[in-house]
Amino acid sequence: MIIKQDKNEARLKRKLRIKDKLNGTAEVPRMCVYRSTAHIYVQLIDDIGGKTLASSSCIAKGINVKGKNKTTAAELVGKDVAAKAKKAGIKKVVFDRNGYIYTGRVKSLADGAREGGLQF
């Protein structure tokens with residue numbers, strides 16, 4: 001008998017597999033991505049101090065995504081979080097894709113963050 005996993009179960013398995021390998025500090029925080037069906041969210045997290053240093057999403061104030069598709073909106077969110085990181089003095093991050101496959105909106109967000117000046 002073959003047991004089929006749904007997409008979310010497979011993502012959670014991938015997330016648990018890489019959870020212990022990624023760790024953020026105040027100098028090099030973890031850039032954690034969450035992707036829902038309609039929106040995308042990103043946080044820069046200091047795991048040692050247990051604090052969120054910067055965050056952004058496609059529903060945050062100052063980001064105009066009306067009339068744009070979700071991939072373009074993700075790129076704008078990446079550029080916004082890179083600008084907030086630069087303001088906080090952060091240049092390097094550890095990219096935590098949270099178990100999501102590195103295509104589409106996740107890749108677009110990462111490319112936008114790189115264009116904004118973040119290194120990972």
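Tutor: Two residues are in contact when heavy atoms of theirs lie within 4.5 Å. With that in hand, we can read this predicted model.

Student: What share of the contacts with a separation of 6 or more comes from residues 24 or more positions apart?

Tutor: In this protein, such residues account for 58% of the contacts that have a separation of 6 or more. The chain that makes them is built from three helices and four strands, which follow one another along the sequence as α-β-β-β-α-β-α.

Student: How does the radius of gyration compare with that of a compact globule?

Tutor: The two agree, because a compact globule of 120 residues would have a radius of gyration near 14 Å, and the protein has 15 Å. The C-alpha trace spans about 55 × 40 × 20 Å along its principal axes. As for the surface, about 7700 Å² is exposed, of which carbon and sulfur atoms supply 53%, while 34% of the 120 residues count as buried.

Student: Turning to helix 2, how can its length be checked?

Tutor: The check uses a rise of 1.5 Å a residue, multiplied by one less than the number of residues. Helix 2 holds 19 residues, from 70 to 88, so it should span 27 Å, and its end C-alpha atoms are indeed 27 Å apart.

Student: Which residues of helix 2 are buried, and what covers them?

Tutor: Buried here means a relative accessible area under 20%. In helix 2 the buried residues are Ala73, Ala74, Val77, Gly78, Val81, Ala82 and Ala85, and their cover includes strand 2 (40–46), strand 3 (51–57) and helix 3 (104–115). Just after the helix, Gly89 adopts a positive phi of about 85°.

Student: What should I expect of phi in residues other than glycine?

Tutor: Most residues other than glycine have a negative phi. Asn98, however, has a positive phi, near 65°, and its place is in the loop between strand 4 and helix 3.

Student: Is Asn98 buried or exposed, and which residues does Asn98 touch?

Tutor: Asn98 counts as buried, because its relative accessibility is 7%, which falls under the 20% cut-off. Leaving aside residues up to four places away in sequence, Asn98 touches Arg11, Lys15, Cys32 and Val33. With Val33 there is also a polar approach, since a polar atom of the Asn98 side chain lies 3.1 Å from the backbone oxygen of Val33.

Student: How is a pair of aromatic rings described?

Tutor: Such a pair is described by the distance of the centres and the angle of the planes. A search of the whole structure finds four aromatic pairs. One of them joins Phe95 and Phe120, with 5.1 Å from centre to centre and 20° between the planes, and is stacked. This pair links distant parts of the chain, for Phe95 belongs to strand 4 (residues 94–96) and Phe120 to the segment after helix 3, 25 residues apart.

Student: Are Phe95 and Phe120 buried or partly exposed?

Tutor: Phe95 counts as buried because its relative accessibility is 16%, whereas Phe120, with a relative accessible area of 31%, is partly exposed.

Student: Which residues form an aromatic cluster?

Tutor: Tyr34, Tyr41 and Tyr100 form one aromatic cluster.

Note on methods: Residues are numbered from 1 along each chain as its sequence is written. This is a predicted model: local features need pLDDT of at least 70, side-chain atom pairs count only at pLDDT 80 or more; totals for chains, interfaces and linings use all residues. Side-chain values use heavy atoms; hydrogens and water are left out. Helices (H or I, at least four residues) and strands (E, at least two) are DSSP runs, numbered from the N terminus. Buried means under 20% relative accessible area, exposed over 50%, partly exposed in between (1.4 Å probe, protein chains only). Rings of Phe, Tyr and Trp (its six-membered ring) pair if their centres lie within 6.5 Å; planes under 30 degrees apart count as stacked, over 60 as edge-to-face and the rest as tilted. The radius of gyration is taken over C-alpha atoms; the globule rule is 2.2 Å times the number of residues to the power 0.38. Accessible areas come from the Shrake-Rupley method with a 1.4 Å probe; for residues, only the protein chains shown count as cover. A polar contact is a pair of N or O atoms within 3.5 Å; within protein, one must be able to donate a hydrogen and the other to accept it, and residues adjacent in sequence count only if both atoms are side-chain atoms.
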